[in-house]
Amino acid sequence: MLRAARLDASLYEEVEADRGATPQAFAVVVLAGLATGIGALANSGAAGLLWHTLLDVALWYGWAGLTLWIGTRLLPTPATRADLGELLRTLGFACAPGILRVVGIFPPLAFAAFTLCGLWMLVAMVVALRQALDYDSTARAAAVCAIGLPLYAVGQVVSLLLLGPWPL
């Protein structure tokens, strides 16, 4: 997870190829969801632990499917070869910075923790997509993220609507 958070491209190549790493990627997503729930306790209470974990797992799976379609159908290169498992593994590990959202348990730090971790995760996802989709261009991987980002944003908006705004 530390290598994933450090944006180590070779780690993303390793997990892309390692079919046995799918449960580990799932565990990273679950840990990030639990950390989000802990960080948002003041906002969502104990029920938020389950909510944020389930939401993160659903968004992870949906994001992987959507970015697979965008990357292999809409913006492929001649070298692009990927399957859903590769995207699930790489994008799962890209959630590693989300574990730091636990810092949000301290209300003065909540907004900064959630914002910075979200941006860090987005950058990690660009690195993950570049490796999983076998792109030579970071810009192309960023474009896949940009096109698919509304799915993630809708999930977060639904969460805010159901749980209310964060305490500032």
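Where is the place of valine 154? I looked this up before anything else, and valine 154 sits in helix 8. My helices are DSSP runs (H or I, at least four residues; strands would be E, at least two), numbered from the N terminus.

**Ground rules**

I am working with a predicted model, where local features need pLDDT of at least 70, side-chain atom pairs count only at pLDDT 80 or more, and totals for chains, interfaces and linings use all residues. Residues are numbered from 1 along each chain as its sequence is written, and side-chain values use heavy atoms, with hydrogens and water left out.

**Entry: helix 8**

I checked the accessibility of valine 154 and found it exposed, with a relative accessible area of 53%. For my bench notes: buried means under 20% relative accessible area, exposed over 50%, and partly exposed in between (1.4 Å probe, protein chains only). I then paired valine 154 with tryptophan 60: they are 94 residues apart in sequence and 13 Å apart in space, C-alpha to C-alpha.

Arginine 140 is also in helix 8. I noted arginine 140 as partly exposed, because its relative accessibility is 30%. From arginine 140 to aspartate 8 I read 18 Å between C-alpha atoms, with their positions 132 residues apart along the chain.

**Entry: cavities**

How many cavities of 30 Å³ or more does a search of the whole structure find? I got 2. Rolling a probe the size of a water molecule over the atoms shows where empty space is left. Here the work is done on a 1 Å grid over the protein atoms alone: a cavity is a set of points where a 1.4 Å probe fits but cannot get out, and lining residues have an atom within 4 Å of a point. Grid points are joined across faces, edges and corners, and a volume is the space filled by probe spheres set on the points.

The largest cavity holds about 130 Å³ of space. I listed its lining as Val29, Asp56, Leu59, Trp60, Trp63, Leu91, Cys95, Arg101, Met121, Met125 and Tyr152. Helix 5 (47–74) and helix 7 (107–132) are the elements that give two or more residues to this lining. Helix 5 gives the most, with 4 residues.

I sorted the lining by class and got 9 nonpolar, no polar and 2 charged residues. My classes are nonpolar (Ala, Val, Leu, Ile, Met, Phe, Trp, Tyr, Cys and Pro), charged (Asp, Glu, Lys and Arg) and polar (the others, Gly among them).

**Entry: helix 6 and its partners**

I looked at leucine 91, a lining residue of the largest cavity, and placed it in helix 6. Leucine 91 is buried, with a relative accessible area of 1%. Its C-alpha is 12 Å from that of glutamate 13, and the two are 78 residues apart in sequence.

Phenylalanine 93 belongs to helix 6 too, and I found it buried at a relative accessible area of 7%. The C-alpha atoms of phenylalanine 93 and alanine 21 are separated by 9.5 Å, with the residues 72 apart along the chain.

How do the helices pack? I used axes that are lines fitted to C-alpha atoms, for helices over the stretch in contact, with angles running from 0 to 180 degrees between N-to-C directions. Helix 6 (residues 84–93) packs against helix 7 at about 150°, with the axes 9 Å apart. That makes helix 6 roughly antiparallel to helix 7. Angles under 35 degrees count as roughly parallel, over 145 as roughly antiparallel, 65 to 115 as roughly perpendicular and the rest as oblique.

Helix 3 (residues 22–39) meets helix 6 at an angle of about 40°, with their axes 8 Å apart. Helix 3 and helix 6 are therefore oblique to each other.

I logged handedness as well: the crossing of helix 3 and helix 6 is left-handed, while helix 6 passes helix 7 in a right-handed crossing. Left-handed means the near helix is turned anticlockwise from the far one by less than a right angle, and right-handed means clockwise.

**Entry: positive phi**

Leucine 7 is not a glycine, yet I read a positive phi of about 65° for it. It sits in the loop between helix 1 (2–5) and helix 2 (9–17), and is partly exposed at 29% relative accessibility.

Aspartate 134 has a positive phi as well, near 55°. I placed aspartate 134 in the loop between helix 7 and helix 8 (138–163), partly exposed with a relative accessible area of 25%.

Methods:
1 Å grid on protein atoms, 1.4 Å probe; cavity = no way out; pocket = protein on both sides within 12 Å on 5 of 7 lines; lining within 4 Å.
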